[in-house]
Amino acid sequence: AKEAGRATYRFFTPELNRRASDRMWTENNLRRALANGELELFFQPQFAVGGRRLVGAEALVRWRQPDGSLVMPGQFIPIAEETGLILPLGDWVLEEACRRAAELGLHRNLKDGELPIAINLSAVQMRRPGLAERVAECLAAHGLPPGALELEVTESVLMDDSDTVTDSFAQLRAMGVALSIDDFGTGYSSLSYLKRFRVDKLKIDRSFVSELRGGDPDSGAIAEAVIGMARSLRMQTVAEGVETEEQFQCLAALGCDHIQGYLLGRPMPFDEFVAFVRAQARV
Ligand code: C2E
Ligand code: CA
Ligand code: CA
Ligand code: CA
């Protein structure tokens, strides 16, 4: 096997070779990061369009290097997915999100479903049996109601009709854990997939939000279609990557429910998020 490995290496261009060693570096260090507690969750607030009321947050993973610098998930999540490290990493994210949600509950008297924390799940995690049980155990261990957590999955998961995925969806739904489809409109799913899985929310991808221009009705064609589809299936919509007041106003006019983006709040470390929640509660 070693010989074969060496043989393939010979055909690598210097560029491919560099990428392969980058990958190996990342994999080894990511293993260490997990063991040493170098991962951290940032929280980005989500708001209701009406009244700009804080309604929840998305947890986004960051890797804090020993020197204090942050590595963004785009640089290590794909490698974690390829190497299988996404499973222990995903377990850590679930546990940490529940721990933080419970901690947040101490700061405010949260009712069920108030200020839920959304986490991102890779398709690999959805395909692993026992997801619903792990989620249930984690919620119970932290004394959280099911409404405290939301799960974001991408469209590709909807096209997987394996029993494992179908059962996990059904069990999570029965438990009362909300499910969102992330980056909606960028994949190839169709209405029929959405009907089959009955998710709670569609997240309108940033690429469609950045096209929005006031006074140009065509610019909102995709966002409008997604919002209309969501409404007819009784789902909520969350627009992501909202950076300008103009985009906010367009989305409000189209009837979008929730807004997430730099305009109203960037992803921030937990302590900052707690302060942010407190400040919101006062207004
Ligand atoms: P995503 O789930 O689509 O998350 C939204 C991304 O958009 C985040 O990037 C967020 O920081 C960024 N963002 C939010 N508002 C704005 C805005 O107004 N403008 C712009 N330009 N960007 C905005 P981030 O944190 O770098 O995460 C990138 C991706 O990494 C995520 O995309 C998600 O697919 C993945 N990811 C992050 N955390 C996790 C995790 O815990 N597990 C898994 N499996 N994937 C994760
Ligand atoms: Ca997401
Ligand atoms: Ca997204
Ligand atoms: Ca995205």
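Here are three short exercises on the empty spaces and the ligand in this structure, each with a worked solution.

This is a predicted model, in which local features need pLDDT of at least 70, side-chain atom pairs count only at pLDDT 80 or more, and totals for chains, interfaces and linings use all residues. Residues are numbered from 1 along each chain as its sequence is written, chains are lettered from A and ligands numbered from 1 in the order in which they are written, and side-chain values use heavy atoms, with hydrogens and water left out.

**Exercise 1. Describe the largest pocket and its lining.**

Step 1: get the term straight. On a 1 Å grid over the protein atoms alone, a pocket is an open set of points with protein on both sides within 12 Å along at least five of seven lines, while a cavity is a set where a 1.4 Å probe fits but cannot get out; lining residues have an atom within 4 Å of a point.

Step 2: take the volume, meaning the space filled by probe spheres set on the points, which are joined across faces, edges and corners. For the largest pocket that's about 1000 Å³.

Step 3: look at the walls. There are 35 lining residues, and Glu58, Leu60, Pro73, Asn120 and Asp182 lie nearest the centre. Elements giving two or more residues include β1 (39-48), α3 (77-83) and β5 (149-154). The top contributor is β2, with five residues. (Helices are DSSP runs of H or I, at least four residues, and strands are runs of E, at least two, numbered from the N terminus.)

**Exercise 2. Find where ligand 1 sits and what it touches.**

Step 1: place it. Ligand 1 takes up the space of the largest pocket; sitting there means that more than half of its atoms lie within 2 Å of the pocket's grid points.

Step 2: list the neighbours, counting a residue if one of its heavy atoms lies within 4 Å. Of the 22 around ligand 1, Gln44, Arg62, Ser122, Glu243 and Tyr262 come nearest. β2 again hands over the largest share of this shell, four residues.

Step 3: check polar contacts (pairs of N or O atoms within 3.5 Å). A side-chain N or O atom of Glu243 is 2.5 Å from a nitrogen atom of ligand 1. A side-chain N or O atom of Asn120 is 3.0 Å from an oxygen atom of the ligand, and for Tyr262 a backbone N or O atom lies 2.8 Å from a ligand oxygen atom. The protein covers 83% of the 800 Å² of accessible area (Shrake-Rupley, 1.4 Å probe) that ligand 1 has on its own.

**Exercise 3. How many cavities of 30 Å³ or more are there in the whole structure?**

Step 1: count. The search finds one, holding about 40 Å³ of space.

Step 2: name its walls. Among the lining residues are Gly90, Asp91, Leu94 and Arg134. α4 gives the most, with three residues.

Key. A polar contact is a pair of N or O atoms within 3.5 Å; within protein, one must be able to donate a hydrogen and the other to accept it, and residues adjacent in sequence count only if both atoms are side-chain atoms.
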